[in-house]
Amino acid sequence: MTDMLVSLGTWNWLIFGFILMALEVLAPGVFLFWLGLAALLVGLISFGLVVSWQIQLVMFAIFAAAAVPVWRRLARPKSDASASPFLNKRTEALLGREFTLEKPIIDGNGTVRIGDTVWRVAGPDTPAGTRVKVVQVDGANLTVAAA
């Protein structure tokens with residue numbers, strides 16, 4: 001066993017790295033890729049420096065362990081909140097916008113059409129066709145005021 005570890009040379013690390021990366025293609029999950037990259041790094045360092053097999057194994061372990069946080073950082077989805085700040089907050093996107101009443105507000109309730117959806121609105125009694133501004137949202141209910 002020790003002879004095998006002693007014989008771990010540069011080419012063995014490089015071959016091992018490429019085998020791990022090839023296995024990643026067969027069983028995708030991005031885990032073997034980082035182990036393969038760690039093996040390739042050990043092989044490349046071994047080309048430049050003469051290091052013992054013990055140091056090579058330690059380097060492999062360190063590179064493999066360091067790959068986990070690197071992978072997590074790279075795999076983290078880019079949260080671009082500015083691209084769609086109201087995703088899953090549809091009513092908040094309506095705050096401050098102006099619309100035309102579809103049905104008059106009578107006894108505090110009416111409707112307004114926004115796109116292809118009819119929304120219930122609450123506010124002071126106002127005739128149909130009047131422009132109103134959304135001043136407050138509460139779930140699916142909009143509170144409006146004259147624009």
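**Strand pairing, hairpins and annotated membrane spans**

Strand S1 (residues 98–106) and strand S2 run antiparallel and are joined by three bridges. Strands, like helices, are DSSP runs numbered from the N terminus (strands E, at least two residues; helices H or I, at least four), and two strands are taken to pair if DSSP finds at least two bridges between them. The structure is a predicted model, in which local features need pLDDT of at least 70 and side-chain atom pairs count only at pLDDT 80 or more, while totals for chains, interfaces and linings use all residues. Residues are numbered from 1 along each chain as its sequence is written, and side-chain values use heavy atoms, with hydrogens and water left out.

Between S1 and S2, isoleucine 106 has asparagine 109 of S2 as its bridge partner. These two strands form a hairpin with two residues between them, in which aspartate 107 takes a positive phi near 55°. Aspartate 107 lies in the loop between S1 and S2 and has this positive phi although it is not a glycine. Most residues other than glycine have a negative phi. Aspartate 107 is exposed, with a relative accessible area of 69% (exposed, over 50%; buried, under 20%; partly exposed, in between; 1.4 Å probe, protein chains only).

Strand S2 (residues 109–114) continues into a second hairpin with S3, again with two residues between the strands. Glycine 115 in this turn has a positive phi of about 70°. S2 and S3 (residues 117–122) pair in the antiparallel sense over six bridges, and isoleucine 114 stands opposite threonine 117 in S3.

S1, S2 and S3 belong to a closed barrel of five strands, which runs S1-S2-S3-S5-S4 with mixed pairing. The twist from one strand to the next averages 50°, the axes being lines fitted to C-alpha atoms (for helices over the stretch in contact) and angles running from 0 to 180 degrees between N-to-C directions.

Helical segments are found in the spans that the unreviewed UniProt entry annotates as "transmembrane region", namely residues 12–45 and 51–71. UniProt positions follow the numbering used here, feature names are shortened, and annotations may be inferred rather than shown by experiment. Residues 12–45 are 88% helix and 0% strand, with end C-alpha atoms 13 Å apart. For residues 51–71, the helix content is 90% and the strand content 0%, and the end C-alpha atoms lie 27 Å apart.
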